[in-house]
Amino acid sequence: MNEETIYSEMLEIPVNTCSITYTAPKRRKKKKEPRKEDVKELAIEKVNRELEAEKPEDIAAEMPESEPVVAEAEKEEEKPVAKKKFKVSVIGVQLAVVVALLSVIVLSNLFMPNSGLSVFLNSVFNTQTEQADVREYNSFAPMLPMTDGEVAVDGGVMTFAAKGSIYSPCDGEITALTADENGKYTIEITHSTKFKTVISGIDYAYQELGSQVYGNIPLGYSLGEGIELCFYGADGERITTYTVDNETDRIIWEV
């Protein structure tokens, strides 16, 4: 006996006792689920039995025994294979169009060299040669080289004395540029193969040989001494059939 029991008896403390009986619960065995394959086979057998019971004997006799009956459950499980849709590629279409165009261009150049497409392509990709300007002098409308001072014309030679800038009578190219012993410049300006201008007595030349000159851009400067200007035609002779309009600063050709 332990000390607590002895102490309880000495103090005459009533002691209550009880017994507990515990019964372990019975474990239920889980039913094994049939495998999917077994269920499938059972379903097929069931369907086959029902079909055999319903169909006539003569139909059963005509059907070969080796041919299995496919159940609807098996057919449902078979998923149809989706067909791949044919997609048209945008890049593929563009490449096909480019190839077709190149083929047309090549064939047209080979078999139709004078076709509109060939002429257009040749004009775009080939270097164009510059055509010579063959205009006559009377096709131009020249202006006076200076707007200040009086201008005189004698035998096709135009003279004027004024201080200021010297301009070309019309657009052209400097084909000759020389200076004399006094430092005066003579400039030859070619406007076409049949027309050119020669200005002499210029004190300062702004342009160089081969430069393109225009009627609104000065090509030199004069300190006020005599400037001479002459026009020459296709045969190289001096042109004398013109007059000067001082009011409009224009040169008028005589017809």
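These questions and answers cover a lysine and a set of aromatic rings in a predicted model.

Modeller: Local features need pLDDT of at least 70, side-chain atom pairs count only at pLDDT 80 or more, and totals for chains, interfaces and linings use all residues. Residues are numbered from 1 along each chain as its sequence is written, and side-chain values use heavy atoms, with hydrogens and water left out.

Biologist: Where is the place of Lys184?

Modeller: Strands are DSSP runs (E, at least two residues), numbered from the N terminus. Lys184 belongs to neither flanking strand: its place is the loop between strand E3 (172-179) and strand E4 (185-192).

Biologist: Does Lys184 count as buried or exposed?

Modeller: Buried means under 20% relative accessible area, exposed over 50%, partly exposed in between (1.4 Å probe, protein chains only). Lys184 has 15% relative accessibility, so this residue counts as buried.

Biologist: Which side chains do polar contacts join to that of Lys184?

Modeller: A polar contact is a pair of N or O atoms within 3.5 Å; within protein, one must be able to donate a hydrogen and the other to accept it, and residues adjacent in sequence count only if both atoms are side-chain atoms. One such contact of Lys184 spans 2.4 Å and reaches Asp203. Another spans 2.9 Å and reaches Glu225.

Biologist: What separates Lys184 and Ser200 in space, C-alpha to C-alpha?

Modeller: In sequence, Lys184 and Ser200 are 16 residues apart. In space, their C-alpha distance is 7.4 Å.

Biologist: How is the aromatic pair of Phe231 and Tyr242 arranged: stacked, tilted or edge-to-face?

Modeller: Rings of Phe, Tyr and Trp (its six-membered ring) pair if their centres lie within 6.5 Å; planes under 30 degrees apart count as stacked, over 60 as edge-to-face and the rest as tilted. The structure holds eight aromatic pairs. For Phe231 and Tyr242, the centres are 5.4 Å apart and the planes meet at 75°, which is edge-to-face.

Biologist: Which parts does the pair of Phe231 and Trp253 tie together?

Modeller: This pair is also edge-to-face, at 5.5 Å centre to centre and 65° between the planes. Phe231 is buried at 0% relative accessibility, and Trp253 is buried at 13%. The two residues are 22 apart in sequence, so the pair ties together strand E8 and strand E10 (residues 250-253).

Biologist: Which residues do ring pairs link into a cluster?

Modeller: Phe231 and Tyr242 form one aromatic pair, and Phe231 and Trp253 form another. The linked cluster holds Tyr137, Phe140, Phe195, Phe231, Tyr242 and Trp253.

Key. Helix = DSSP H or I, 4+ residues; strand = E, 2+ residues; numbered from the N terminus.
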